[in-house]
Amino acid sequence: MTGPGPARIEALNVLTLIRGGEPVAEALAQRTRLGQLSPADRSLMTQIVYGVLRNQRYLDAWLAPFLRGELEPVVRDILRMALFQMGFLDRVPAYAIVDAAVEQTKAVSPRATGMVNAILRRAPTKKPKNLPLAVEFSHPDWLVHRWQNRFGTEKTRRILMVNNEVPPLSLRVNVLKTSREAVLAELHQEGVRSELSHYVPEAIRVSGSFWLEDLPAFQNGLVTVQDESSMLVTWVLDPQPDERIVDLTAGLGGKTGHILERTQGQAKVTAVDLSRTRLKLLQENLTRLGFFNHVTVMEMDARHFAAGNVHEFDRVLLDAPCSNLGVLRRRSDARWKKQENDLQEHKNLQQELLTAAITVAKPGGVIVYSTCSVEPEETIMVLDHVLATHPTIHHEDVREYLPDPIFEEFVVDGNLVLLPGDLGMDGFFIARLRT
């Protein structure tokens, strides 16, 4: 091998951006645009970046015995990338990984070249053993202790393993434009490994190396990326044509689009979000799906929106901002940005947003509350508070709205509670209320 190769060069650039505070998805998108990588190199770059982030604490434990002092951050990243490739990938032999890392170090920190070479030549036989769970699976101590207390060690180990796996990709088929079988046939023709979901009627699971934006099915608005657990939110909302429906924290519009698909584009949908950037992307997504003129978009805090829209909507969706602790396998950098104290702050905001949802719902209207976290502070404690302070609100069982009987075993006190990895899905909490 001569030189580190374009995938490693761009992976290091992405990790540098992330160290500077850039979210991982944005950093990857930025370097993908600038890097002019082949599909294979884009795939390897992504694999290295996510692999380093998911296994960072373990990689540092592997590195620690070789170090005598502080490392330059960029040199540490080069070593982490090389150790990840040695420990978790099998496509490149160790000697080639060492050569690539040495060449990369020469370019960014020549004085560290000898040290990098010496460490990586000894590292393969010095893998760390008998590590605490939090180090072995690279999670914060507080989070592992919390889950061990709630779930026990074995279930916690399973969640940690799931969080470090490459997550499956689910596509939601726009059934107004095509059928799931037609999309599946098209994906197979494109060489994409894919299968019909066993649990959600509009979902397809895909795997392997490919670039989503390159797929004609995506370009033509036939599919949207959305985890199956997230699709269940719209199932529980059960939107109907001609109803007025509001998505109070619409984000990129994944669930807004799903509401329109489920109602054949005939619901009167309002999408509310604080972020102009997210709403711009929402409009692009809805345009791709063919729903650009079907949605009223409001750039506004949902709490302020509620004050001017009392009892206006038949159904209200609140997919509340949360800790994202149910989707750490997708948001690899999030695990290091959260503290246990953050959960109380999330809870306070979620209570205020759910109160706003109650305000905008018509009498007899439906409210669905969901989070991609199953932590009690963000789920059942929010519900308990709102039900205690709003005695006219009724809590409804979600079971009759779920698309497959298998979900019943994941319903707790009338709410759907999926832990990360349950049925291969993301962790999610979904509750249904009626005014």
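**Hairpin of β11 and β12.** I started at this hairpin in the predicted model, where two residues sit between the strands and Asp413 takes a positive phi near 55 degrees. I then looked up the strands on either side: β11 covers residues 411-412 and β12 covers residues 415-418. They pair in the antiparallel sense over two bridges. In this pairing I found Val411 of β11 opposite Leu416 in β12.

**On to β13.** Next I followed β12 to another partner, strand β13 (residues 428-434). This pair is also antiparallel, and I noted three bridges for it. Which residue in β13 is the bridge partner of Leu418? I found that Phe428 takes that place.

**The four-stranded sheet.** I moved to an open sheet of four strands and wrote down its order as β2-β3-β1-β4, with antiparallel pairing. Why is one side of β2 and of β4 left without a neighbour in the sheet? Both strands, β2 at 193-196 and β4 at 223-225, stand at the edges and have a single partner strand each, so nothing in the sheet flanks their other side. I also checked the twist: neighbouring strands here are turned by 30 degrees against each other on average, direction ignored.

**β2 against β3.** I took a second look at this antiparallel pair, in which four bridges join β2 to β3 (residues 203-207). A handy pair to click on is Glu195, which stands opposite Arg205 in β3.

**A helix over the sheet.** Last, I looked up what lies across β1 (169-173) and β3, and it is helix α13, residues 228-237. I noted that α13 runs at about 30 degrees to β1.

Notes
Residues numbered from 1 in each chain as written. Predicted model: local features only at pLDDT ≥ 70, side-chain atom pairs only at ≥ 80, totals over all residues. Heavy atoms only, no water. Pairing = 2+ DSSP bridges. Axes fitted to C-alpha atoms, helices over the stretch in contact; angles between N-to-C directions. Contact = heavy atoms within 4.5 Å.
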